[in-house]
Amino acid sequence: MLARLSSLTARSWTTFLGEHRLTQGQYAVLVALDRHGDTVQRRLAELVAMDARNIVAVLDQLVDRQLVERRPDTDAGSDTGSR
């Protein structure tokens, strides 16, 4: 029964992401931003357990779809804030 439930859950999750044209990483970023508000890329990477170098591509895709906005972080200098 647990194997069947796991299979159904995975299928449902994959369908949900597909319907919204999101990857798991993109979804995680959107949820983290919703829960924590504006933050710098480095902190966002920590929140979603993603390498800071890899989050750039995820954010680029979300910016292209106008799901997030990037702004310079006036407090940290080189990091970019995301919302």
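**Exercise 1. Is Asp 60 buried, partly exposed or exposed, and what is its relative accessible area?**

Solution. Start from the classes: buried means under 20% relative accessible area, exposed means over 50%, and partly exposed lies in between (1.4 Å probe, protein chains only). With a relative accessible area of 32%, Asp 60 is partly exposed.

Before going on, note that this is a predicted model, in which local features need pLDDT of at least 70 and side-chain atom pairs count only at pLDDT 80 or more, while totals for chains, interfaces and linings use all residues. Residues are numbered from 1 along each chain as its sequence is written, and side-chain values use heavy atoms, with hydrogens and water left out.

**Exercise 2. Find the salt-bridge partner of Asp 60 and state which elements the pair joins.**

Solution. Apply the rule that a salt bridge is a side-chain nitrogen of Lys or Arg within 4 Å of a carboxyl oxygen of Asp or Glu. The side chain of Asp 60 meets that of Arg 70 in such a bridge, at 2.7 Å from N to O. Next, place the two residues: Asp 60 belongs to helix H4 (residues 52-64) and Arg 70 to strand S2 (residues 70-72), so the pair ties together parts that are 10 residues apart in sequence. Here helices (H or I, at least four residues) and strands (E, at least two) are DSSP runs, numbered from the N terminus. Finally, Arg 70 is partly exposed, at 28% relative accessibility.

**Exercise 3. Describe the salt bridges of Arg 43 and Arg 71.**

Solution. By the rule above, the count comes to five salt bridges. In one of these, Arg 43 meets Glu 46 at 3.3 Å, N to O; the two residues are three apart in helix H3 (residues 41-47), and therefore about one helical turn separates them. Arg 43 is partly exposed, with a relative accessible area of 38%. In another, Arg 71 meets Glu 69 at 2.8 Å, N to O, and this pair belongs to a network of salt bridges that links Asp 38, Glu 69 and Arg 71. Glu 69 is partly exposed at 43% relative accessibility, and Arg 71 is partly exposed at 32%.

**Exercise 4. Which residues have the most contacts inside the largest nonpolar core, and which element gives the largest share of this core?**

Solution. A nonpolar core is a set of buried Ala, Val, Leu, Ile, Met, Phe, Trp, Tyr and Cys residues joined through side-chain atoms within 4.5 Å. The largest has 14 residues, and those with the most contacts inside it are Val 29, Leu 44, Val 48, Ile 55, Leu 59 and Leu 62. Helix H2 (24-36), H3 and H4 are the elements that give two or more residues to this core, and H4 provides the largest share, four residues. To follow one member outward, take contact to mean heavy atoms within 4.5 Å: leaving aside neighbours within four places in sequence, Leu 62 is in contact with Leu 22, Gln 26, Val 29, Leu 30, Leu 67 and Val 68.

**Exercise 5. State the order of the elements and where confidence is lowest and highest.**

Solution. The protein chain has four helices and three strands, which run α-α-β-α-α-β-β from the N terminus on. For confidence, use pLDDT, the predictor's confidence in each residue, from 0 to 100. Its mean over the protein chain is 89, and 90% of the residues reach 70 or more. The lowest confidence falls in strand S3 (residues 80-82), with a mean of 58, and the highest in H2, at 96.
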